[in-house]
Amino acid sequence: MTGLTVLELCSAPDGKGVWQGLADSCPDAWFWHSWSNMEFNFTAARESEARNLSFFVLLDGKPVGLVPLMVRRIQIGDYRGLDASYYSRPLPWPAFLPSLPDFESIEDYAFQELERRAREAGAGRIQVRLSPPRFSDDEQRRFARVISIHHYLDCSYVSHSLNLRKDTLANVRERYRP
């Protein structure tokens, strides 16, 4: 797809405002993508020589996606190296504005850039987590497609979720209700 470029967060005028604006507008973005959470993770990982290499995906010069990328020093047993992850957890999956043309090409471009930049920074491992704020029928297909195309190792696991309905609290013990 033509017209795709990137802009490093550190080079963006009003990077904080653009980042949070995208985090608020992208349907897959939520707390994990927020400016506050990114700042927390960067601050918490400073002792690990963290570098915030996050960037925006631009389509025809306009920001349409955000890609969290932090590289930090880790030690796992005797292994010491660089890891692309947030402080003690995987990076949030890149997030994009809704209704983009050829969404899959844009997402693939973001992952190619994420991987290239992480490798250039010396990361020996990249951890990314797809955890959208609400369930989507397309989530598993999207995840499987990215894993397959980019030859990633699937380390996913089933976690818990709860669909909230109007009567949800009726099934909660009274002492646990707000």
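**Figure 1. The largest cavity of the predicted model has a volume of about 60 Å³.** The model is predicted, not experimental. The count of cavities of 30 Å³ or more comes to 1. Residues lining the largest cavity are Asp28, Trp30, Trp32, His33, Pro92, Trp93, Pro94, Arg129, Leu130, Ser131, Pro132 and Arg142. By class, 7 of the lining residues are nonpolar, 2 are polar and 3 are charged.

**Figure 2. An open sheet of 4 strands shows mixed pairing.** The strand order is 2-5-6-9. Strand 2 (51-52) and strand 9 (123-126) are the edge strands, each pairing on one side only.

**Figure 3. Strand 2 pairs with strand 5 at one edge of the sheet.** Strand 2 and strand 5 (residues 70-76) run antiparallel and are joined by 2 bridges. Arg51 stands opposite Val71 of strand 5.

**Figure 4. Strand 5 and strand 6 form a hairpin.** The two strands run antiparallel, with 6 bridges joining them. Ile74 has Gly81 in strand 6 as its bridge partner. Between the strands lie 2 residues. In the turn, Gly77 has a positive phi of about 65 degrees.

**Figure 5. Strand 6 and strand 9 run parallel, and helix 3 lies across both.** Strand 6 (79-84) is joined to strand 9 by 3 bridges. The bridge partner of Ala84 is Ile126 in strand 9. Helix 3 (residues 103-120) runs at about 145 degrees to strand 9.

Terms used:
Residues are numbered from 1 along each chain as its sequence is written. This is a predicted model: local features need pLDDT of at least 70, side-chain atom pairs count only at pLDDT 80 or more; totals for chains, interfaces and linings use all residues. Side-chain values use heavy atoms; hydrogens and water are left out. On a 1 Å grid over the protein atoms alone, a cavity is a set of points where a 1.4 Å probe fits but cannot get out, and a pocket is an open set with protein on both sides within 12 Å along at least five of seven lines; lining residues have an atom within 4 Å of a point. Grid points are joined across faces, edges and corners, and a volume is the space filled by probe spheres set on the points. Ala, Val, Leu, Ile, Met, Phe, Trp, Tyr, Cys and Pro count as nonpolar, Asp, Glu, Lys and Arg as charged, and the others, Gly among them, as polar. Two strands pair if DSSP finds at least two bridges between them. Contact means heavy atoms within 4.5 Å. Axes are lines fitted to C-alpha atoms, for helices over the stretch in contact, and angles run from 0 to 180 degrees between N-to-C directions.
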